[in-house]
Every structure is written in C-alpha cells, then in structure tokens.
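Here is a short briefing for a first look at this protein chain. Keep the sequence and the 3D view side by side while you read.

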Amino acid sequence: DPAQGLVVPSNAKLVLAPGGAHVMVTGLERPLAVGDRFDVTFSFERSRPERVVISVRPATDAGMAH
C-alpha cells in the first residue's frame, strides 16, 4: 500500500523521480513556486530520520514538459 510508505532495503538506495517512486506534498498553505525551498524529513523503521531540502524546479527540468 503506497500510503504506508516506500520500501528501502538495507544498504540500498531509493531514487525518487517523476514517473517512478515519488512522494506527494499535500496540505500546502499556498502553491509552490519555482525557486521555493523547503525541508522534508523522511522517517525509517530501523534508521534515524533523514532531513533533506527540496528545491522547486520547473516541470521541464524534471522531464515532465506539459
């Protein structure tokens, strides 16, 4: 069930990308704009939380031209 999280095997890497494994950002107080930055903390069952900084890029940067 995707709502329960993503599986990351021990000593492995999970790449988040458009069209592949990804997370949805919900509950925003305003729309995101190109250049915005915000922190996200990923929680794991058997490892410490990992904080990352997300930078909003144009959709064409991610290969998602519309």
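What follows covers the overall picture, then the salt bridges, then a few residues worth finding.

This is a predicted model. The protein chain has 66 residues, and 3% of them count as buried. Its secondary structure comes to zero helices and two strands.

**Overall picture**

- Strand β1 spans residues 37-42, and strand β2 spans residues 50-55.
- The protein chain exposes about 6100 Å². Carbon and sulfur atoms supply 53% of that area.
- Among contacts in the protein chain with a separation of 6 or more, 11% join residues 24 or more positions apart.

**Salt bridges**

- The structure holds three salt bridges.
- R51 and D39 form one of them, with N to O at 3.0 Å. R51 lies in strand β2 and D39 in strand β1, so this pair ties together parts that are 12 residues apart in sequence.
- R51 is exposed, with a relative accessible area of 55%. D39 is partly exposed, at 43% relative accessibility.
- R30 and D36 also meet through their side chains, at 3.1 Å from N to O.
- R30 is exposed, with a relative accessible area of 52%. Its partner D36 counts as buried, at 17% relative accessibility.
- E50 pairs with R48, and their closest N and O atoms are 3.3 Å apart.
- E50 is partly exposed, at 34% relative accessibility. R48 is exposed, with a relative accessible area of 58%.

**D36, a buried acidic residue**

- Where does D36 lie? D36 sits in the segment before β1.
- Why does D36 count as buried? Its relative accessibility is 17%, and buried means under 20%.
- Besides the salt bridge with R30, the D36 side chain reaches the backbone nitrogen of A33 at 2.9 Å.
- Setting aside neighbours within four places in sequence, D36 is in contact with R30, P31, I54, S55 and V56.

**V56, after the second strand**

- V56 is found in the segment after β2.
- V56 is buried, with a relative accessible area of 17%.
- Which residues does V56 touch, not counting those up to four places away in sequence? They are L32, A33, V34, G35, D36 and F38.
- V56 and F38 are 18 residues apart in sequence. Their C-alpha atoms are 8.6 Å apart in space.

**The nonpolar surface patch**

- L6, V8, L14, L16, V23 and F44 make a nonpolar surface patch of about 450 Å².
- V23, one of these residues, lies in the segment before β1.
- V23 is partly exposed, with a relative accessible area of 43%.

**N11, a backbone exception**

- Most residues other than glycine have a negative phi.
- N11 has a positive phi of about 60°, although N11 is not a glycine.
- N11 lies in the segment before β1.
- Is N11 buried or exposed? N11 is exposed, with a relative accessible area of 86%.

**To take away**

- The predicted model has two strands and zero helices.
- The R51 and D39 salt bridge links strand β2 with strand β1.
- D36 has a salt bridge with R30, a side-chain link to the backbone of A33 and a contact with V56.

Notes:
Residues numbered from 1 in each chain as written. Predicted model: local features only at pLDDT ≥ 70, side-chain atom pairs only at ≥ 80, totals over all residues. Heavy atoms only, no water. Helix = DSSP H or I, 4+ residues; strand = E, 2+ residues; numbered from the N terminus. Buried < 20%, exposed > 50% of the residue type's maximum accessible area, 1.4 Å probe, protein only. Polar contact = N/O pair within 3.5 Å; in protein donor to acceptor, adjacent residues only side chain to side chain. Contact = heavy atoms within 4.5 Å. Patch = residues over 30% accessible without salt bridge, like charges linked within 9 Å, V, L, I, M, F, W, Y side chains within 5 Å. Areas by Shrake-Rupley, 256 points an atom, 1.4 Å probe, with all protein chains shown as cover. Salt bridge = Lys/Arg side-chain N within 4 Å of Asp/Glu carboxyl O.
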